[in-house]
Amino acid sequence: MPLSFGTIIFAVEGIGLVLPLENSMKRPSEFGGLTGVLNTSMIIVSCLYIAVGFYGYLKYGDSILGSITLNLPNDTLADVVRGAYAMAIFLTYAIQFYVPIQVMWPTVQRQLPTGYHYIGEVAFRIFIILITFALASLIPQLGLFISLVGAFSCSYLAIILPPILEMATFWNDGISNINIFKDFVIVIVGILGCITGTYVSIQQIVTTFGNYS
């Protein structure tokens with residue numbers, strides 16, 4: 001359960017993209033709301049994740065690997081699925097890197113001459129992407145590290161920090177007791193998930209790499 005908690009939080013955590021994407025929209029008012037961009041996209045993504053996780057475990061059970069594509073057989077249909085999966089990653093990489101580039105690029109840009117800003121930005125983006133490719137290729141048992149990052153970092157960003165910010169922002173405006181209780185429950189669940197998920201992930205990493213040696 002703690003390992004799955006970290007993996008799930010890693011998969012659905014995107015709090016760092018919410019405000020930048022909303023601010024970049026032509027009509028930001030359509031981002032929120034019951035049928036807004038955020039809720040609609042999260043419902044679709046959650047349904048896809050649940051379906052893949054459920055049917056994947058139903059098919060392969062405990063023998064399922066860190067990525068379900070590794071369990072697929074070597075046939076035409078499986079190759080099509082792998083190709084579609086690779087294309088989905090390729091097309092969404094720009095969105096995932098939107099915030100990191102926005103944070104890191106201005107510092108790098110100031111070190112370059114004015115005429116080299118465009119080429120420098122392209123080279124910088126390629127360099128960052130190659131780093132992620134190298135990490136994905138070189139780290140064995142990547143699923144354990146995904147669970148560790150999800151439990152330790154993403155749970156803080158997605159579960160613990162938002163309710164704390166809500167209480168801090170609206171405390172002087174008379175936040176209701178129901179919202180305070182809700183925020184405290186969310187924070188406690190996030191802290192428990194962070195502690196247990198991080199502990200179990202580190203324990204599994206130590207055990208796995210100990211067996212390798």
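Asp 183 counts as buried, because its relative accessibility comes to just 1%, under the 20% cut-off. Keep in mind that this is a predicted model. Asp 183 sits in helix 8, the stretch covering residues 177-212. Who does Asp 183 touch? Setting aside neighbours within four places in sequence, the contacts of Asp 183 are Pro 163, Glu 166, Met 167 and Ile 175.

Helix 8 also carries Val 189. Is Val 189 buried or partly exposed? Its relative accessibility is 46%, so Val 189 goes down as partly exposed. Over in helix 7, which takes in residues 142-170, there is Ala 158. At 31% relative accessibility, Ala 158 is partly exposed too. Helix 3, made of residues 37-60, is home to Met 42, and a relative accessibility of 33% makes Met 42 partly exposed.

Some of these residues can be paired up to set distance along the chain beside distance in space, taken C-alpha to C-alpha.

| Pair | Apart in sequence | Apart in space (C-alpha to C-alpha) |
|---|---|---|
| Ala 158 and Asp 183 | 25 residues | 13 Å |
| Val 189 and Ser 155 | 34 residues | 9.6 Å |
| Met 42 and Ala 94 | 52 residues | 18 Å |

So what is the whole chain built from? The protein chain has 8 helices and 0 strands, and reading along the sequence gives the pattern α-α-α-α-α-α-α-α. Measuring boxes along the principal axes, the C-alpha atoms fill roughly 60 × 55 × 40 Å. The chain has 213 residues, and buried ones make up 21% of them; Asp 183 is one of the buried residues. As for contacts between residues at least 6 apart in sequence, 59% of them join residues at least 24 apart.

Now for a helix pair. How do helix 5 and helix 6 cross? Helix 5 spans residues 98-109 and helix 6 spans residues 117-138; their axes come within 11 Å and cross at roughly 130 degrees. That angle falls outside the parallel, antiparallel and perpendicular ranges, so the two helices are oblique to each other. The crossing of helix 5 and helix 6 is right-handed.

Which residues make that contact? From helix 5 come Ile 101, Met 104, Trp 105, Val 108 and Gln 109. Helix 6 answers with His 117, Gly 120, Glu 121, Phe 124, Arg 125 and Ile 128. Sorted by class, the contact of helix 5 with helix 6 has 6 nonpolar, 3 polar and 2 charged residues.

Last up are the cysteines. How many disulfides does the model have? The count is 0 disulfides, where a pair would need its sulfur atoms within 2.5 Å. Two cysteines can be described by their accessibility. Cys 47 is partly exposed, since its relative accessible area is 48%. Cys 194, on the other hand, is buried, because its relative accessible area is 14%.

Technical notes
Residues numbered from 1 in each chain as written. Predicted model: local features only at pLDDT ≥ 70, side-chain atom pairs only at ≥ 80, totals over all residues. Heavy atoms only, no water. Buried < 20%, exposed > 50% of the residue type's maximum accessible area, 1.4 Å probe, protein only. Helix = DSSP H or I, 4+ residues; strand = E, 2+ residues; numbered from the N terminus. Axes fitted to C-alpha atoms, helices over the stretch in contact; angles between N-to-C directions. Parallel < 35°, antiparallel > 145°, perpendicular 65-115°, else oblique. Left-handed = near helix turned anticlockwise from the far one by under 90°. Contact = heavy atoms within 4.5 Å. Nonpolar A, V, L, I, M, F, W, Y, C, P; charged D, E, K, R; others polar.
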